[in-house]
Amino acid sequence: MKAVFFFIYLALGAASAYGLHSQLALDWTMAGAGGAFVALLLGQAHLFLFSRSAPKADHRVEEIVSAQENTARRVNVLEARTDAVETSLKHELTERRDALVAEMKQLEGLIERLSASVAARAAHGANGTAQPNGAIQTPPPVDPVLRHVRSALEHDRVDLHLQPVVSLPQRRVSFYEGLARLRREDGTLIMPGEFLDAARRARLLGMIDALTLFRCVQIVRKLVARDRRVGVFCNVSAASLEDERFFPIFLDFISEHQDLSGAVIFEIAADSFIQRSRQMRENMDKLASLGFRFSLDHAESLDLDLPRLQDAGVRFVKLNADRLVTQLRDPDGPRPASSIMAQIKGEDVSAVFSRYGITMIADHLEDEASVVEVLEFDLPFGQGHVFGSPRPIKASLMEETAPPQEFHDRLSAVG
């Protein structure tokens, strides 16, 4: 473009020289000098005008580039928000579906209990035993839940469900929690909220824990065979750790698998640990002497005695994410007992736990917003429906990990 203007100015200079020679009768030397002056003047004027307009053009280009960058950033933010909304919506729909299924199962259980109760009352009215005073003595009613529990144990309908525990912020599966689920004859599940109380009263928790432990150990064996460095939290009730009939079987079995001590973690309720009996403490010490570790579940507060937990072999503590964040954000909130005398800030609590070899896990994480809140405090692990709900192991694995008949017979012998 500049070359075109150069030739134009040169042509105007030549025309000026010709005009000076022909109109003013100047010789060619003077006329050429005049034409050159005209061409030079035009060139200088062009350069002056271009130099004034160029910065404005450059500034305008910079504004356009900046606007494009801002637009790109806004698009990225909108895409991220859209992805987060989509993920949350999927989890919410899944949670609602699971809740609906659970409610339907509970409703079925209530209907079944009501039907059994009506039938039992009718049978008692027809078959009652007459007493000398004319009254009819009826036998005590049979608990339908306990009947289902006994049937599930007798026919090996104790299933194992696994829920992932992920590292944060990478969300890589580092552990699984093994959860016991019992099945009725029709295949419907009996949830822990239904069977735990009945099983505790009938002293059957030890048998349920032993069967669950057997499957957890077999699952860990298969993960190790595939070179999967994943641990499994295996729930054990305080009743099992205090049961003089079942714990020896429990201890004998786990002693045979001592090589898995780094991958099998026994999980007990935090309140059971705080109120543990001498028998429970001694039996935990026996498991710890074999190299096995413990995890406390359902911890209500950060006000935990870390040296005591460390001495007892506790290496993990799970706390409800919402309750945990509330306590961490409160400058005057509960803090763990440790050798640190200064007031512990919320963002330093996880590091204090780590000093005693104890890892914090935020559980019941149900949405992405809760995950973001937990990440503010550098918590290393998370668990909840946002990462995956409990799922039953495959049918093929269910068969492969089923306890042998001799194991059932040994449990039944003390049941």
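This is a short talk that walks through one protein chain, from its overall make-up to a few individual residues.

Hi everyone, and thanks for coming. Please keep in mind throughout that what we have here is a predicted model.

Let me begin with the whole chain. There are 415 residues, and 39% of them are buried. As for secondary structure, the program assigns 15 helices and 12 strands. How much of the contact in this chain links residues 24 or more positions apart? If we take the contacts with a separation of 6 or more, such pairs account for 67% of them.

Now let's go to a pair of helices, α5 and α7. Helix α5 covers residues 205-225, and helix α7 covers 247-255. How do they sit relative to each other? Their axes come within 10 Å and cross at roughly 5 degrees. Angles under 35 degrees count as roughly parallel, and therefore α5 and α7 are described as roughly parallel to each other.

Which residues make the contact between α5 and α7? On the α5 side you will find D209, L213, F214 and V217, and on the α7 side F250, F253 and I254. Sorted by class, that contact has 6 nonpolar residues, no polar ones and 1 charged one. If you would like to find the charged one in your viewer, look for D209 in α5.

While we are with these two helices, let's look at the cavities. The structure has 2 cavities of 30 Å³ or more. I'd like to show you the second largest, with a volume of about 30 Å³. Its lining is made up of G206, A210, S240, F246, F247 and F250. And which elements give two or more residues to that lining? They are α5 and α7, our pair from a moment ago. F250 is worth a click, since this residue lines the cavity and also takes part in the contact of α7 with α5. By class, the cavity lining holds 4 nonpolar residues, 2 polar ones and no charged ones.

Helix α5 turns up again in the next stop, the second largest pocket. This pocket has a volume of about 300 Å³. Lining residues include L162, Y176, I219, K222, L223 and R226, and further along the chain you will find R391, P392, I393, K394 and L397 among them. Two elements, α5 and the strand β12 at 391-392, give two or more residues each. Which element gives the most? That is α5, with 3 residues. What about charge here? The pocket lining counts 7 nonpolar, no polar and 5 charged residues.

Next, some single residues. S174 is in strand β4, which runs over residues 173-183. Is S174 buried or exposed? Its relative accessible area is 7%, and under 20% counts as buried, so S174 is buried. Beyond its neighbours within four places in sequence, S174 is in contact with V165, V166, S167, R229, V230, G231 and F381. Take R229 from that list: S174 and R229 are 55 residues apart in sequence, yet their C-alpha atoms are 7.3 Å apart in space.

Just before that strand there is something to look at in the backbone. P169 is in the loop between β3, residues 158-167, and β4. The peptide bond from L168 to P169 is cis, with omega near 5 degrees. As background, most peptide bonds are trans, and most residues other than glycine have a negative phi.

That brings me to two residues with a positive phi. One is R203, with a value of about 60 degrees although it is not a glycine. You will find R203 in the loop between α4, residues 192-201, and α5. R203 is partly exposed, at a relative accessible area of 48%. The other is H298, whose phi is near 60 degrees. H298 is found in a strand, β8, which covers residues 293-299.

My last stop is A337. Where is A337? Look in the loop between α11, residues 321-329, and α12, residues 349-355. A337 has a relative accessible area of 35%, and is partly exposed. Leaving out residues up to four places away in sequence, A337 touches L304, D305, L306 and P307. A337 and V352 are 15 residues apart in sequence, with a C-alpha to C-alpha distance of 9.7 Å.

That's the tour. Thank you for listening!

Methods:
Residues are numbered from 1 along each chain as its sequence is written. This is a predicted model: local features need pLDDT of at least 70, side-chain atom pairs count only at pLDDT 80 or more; totals for chains, interfaces and linings use all residues. Side-chain values use heavy atoms; hydrogens and water are left out. On a 1 Å grid over the protein atoms alone, a cavity is a set of points where a 1.4 Å probe fits but cannot get out, and a pocket is an open set with protein on both sides within 12 Å along at least five of seven lines; lining residues have an atom within 4 Å of a point. Grid points are joined across faces, edges and corners, and a volume is the space filled by probe spheres set on the points. Helices (H or I, at least four residues) and strands (E, at least two) are DSSP runs, numbered from the N terminus. Axes are lines fitted to C-alpha atoms, for helices over the stretch in contact, and angles run from 0 to 180 degrees between N-to-C directions. Angles under 35 degrees count as roughly parallel, over 145 as roughly antiparallel, 65 to 115 as roughly perpendicular and the rest as oblique. Contact means heavy atoms within 4.5 Å. Buried means under 20% relative accessible area, exposed over 50%, partly exposed in between (1.4 Å probe, protein chains only).
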